[in-house]
Amino acid sequence: QKEVPAIGELYGLPFRGKADILGDGYIVDLKTTSDVKNFKHSFWKYGYHCQAWIYCELFNVKPEDFWFVAVEKDTGTLGFYNVSEESYEAGGRQVQKACSLYRDYFIDKEYELEDFVYESTL
């Protein structure tokens, strides 16, 4: 199935996602990239490990059954990448940290948003 939505609660907060492709026990997420061989760098830089964790949780899919298909923009070369248990767990930890910060700043209001902002002149 294509573009299947899901809504759920993770770490006590509402989440939603839309699987590009949802099969019987697997998810495929399509990404474009300028260099398919360096997609692993993009995976970490853009937080795709967090996305993988969220989607696996929302859709009840094992991390090894979550696949990124990266399409190189200039050449159309494809890269197929599944998610390791280590990457999955790192994503879960980062999402948990983000939820904790969200709760601290916006729900419990323990901190002011200005405390989290950095300002400078370039």
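Leaving aside its neighbours within four places in sequence, which residues is Ser 42 in contact with? In this predicted model, Ser 42 lies in helix α1, and beyond those sequence neighbours it is in contact with Thr 33, Gly 47 and Tyr 48. Ser 42 is also buried, with a relative accessible area of 14%. One of these partners, Tyr 48, belongs to helix α2 and is itself buried, and that helix is a useful guide to the rest of the structure.

Before turning to α2, it helps to set out the whole. The protein has three helices and five strands, which follow one another along the sequence in the pattern β-β-β-α-α-β-β-α. Its C-alpha trace spans about 45 × 40 × 25 Å along the principal axes. Of the 122 residues in the protein, 39% are buried, while the surface that the protein exposes comes to about 8,500 Å², with carbon and sulfur atoms supplying 50% of it. When contacts between residues at least 6 apart in sequence are considered, 55% of them join residues at least 24 apart. As for charge, the protein carries 13 positive and 21 negative charges, and the mean positions of the two sets are 5 Å apart.

The interior comes next. In soluble globular proteins, nonpolar side chains tend to be buried together. Here the largest nonpolar core holds 29 residues, and the members that touch the most other members are Phe 15, Ile 27, Ile 54, Phe 59, Phe 66 and Phe 68. Two or more residues of this core come from each of β1 (2–10), β2 (13–22), α1 (39–45), α2 (48–59), β4 (66–72) and α3 (85–107). Of these elements, α2 gives the most, with nine residues.

Helix α2 therefore deserves a closer look, since eleven of its twelve residues are buried and it is largely enclosed by the rest of the structure. The buried residues are Tyr 48, His 49, Cys 50, Gln 51, Ala 52, Trp 53, Ile 54, Tyr 55, Cys 56, Leu 58 and Phe 59, and what covers them includes β1, β2, β3 (27–33), α1, β4 and α3. From its first C-alpha to its last the helix reaches 16 Å, which is close to the 16 Å expected for its twelve residues at 1.5 Å a residue. Phe 59, one of the core members named above, touches Val 4, Pro 5, Ala 6, Gly 17, Ala 19, Leu 22 and Ile 27 when residues up to four places away in sequence are not counted. After α2 comes Asn 60, whose phi is positive, near 55 degrees.

Contacts with α2 can also be followed from another helix. Tyr 88 lies in helix α3 and is buried, with a relative accessible area of 12%. Apart from its neighbours within four places in sequence, Tyr 88 is in contact with Trp 53, Cys 56, Glu 57, Pro 63 and Val 83. Although Tyr 88 and Pro 63 are 25 residues apart along the chain, their C-alpha atoms are separated by 6.2 Å.

Two further residues draw attention through their backbone angles. Most residues other than glycine have a negative phi, and most peptide bonds are trans. Glu 3, however, has a positive phi near 50 degrees; its place is in strand β1, and it is exposed, with a relative accessible area of 53%. Tyr 11 likewise has a positive phi, of about 50 degrees, although it is not a glycine. Tyr 11 is found in the loop between β1 and β2, where, at 33% relative accessibility, it counts as partly exposed.

The last stop is Lys 73, which is found in the loop between β4 and β5 (78–82). At 59% relative accessibility, Lys 73 counts as exposed, yet it is in contact with Thr 32, Thr 33 and Ser 34, leaving aside its neighbours within four places in sequence. Thr 33 was met at the start as a contact of Ser 42. The C-alpha atoms of Lys 73 and Val 4, which are 69 residues apart along the chain, are separated by 25 Å.

Notes
Residues numbered from 1 in each chain as written. Predicted model: local features only at pLDDT ≥ 70, side-chain atom pairs only at ≥ 80, totals over all residues. Heavy atoms only, no water. Helix = DSSP H or I, 4+ residues; strand = E, 2+ residues; numbered from the N terminus. Buried < 20%, exposed > 50% of the residue type's maximum accessible area, 1.4 Å probe, protein only. Contact = heavy atoms within 4.5 Å. Areas by Shrake-Rupley, 256 points an atom, 1.4 Å probe, with all protein chains shown as cover. Lys, Arg positive; Asp, Glu negative; His and termini not counted. Charge placed at Lys NZ, Arg CZ, Asp CG, Glu CD. Core = buried A, V, L, I, M, F, W, Y, C linked by side-chain atoms within 4.5 Å. Expected span 1.5 Å × (residues − 1).
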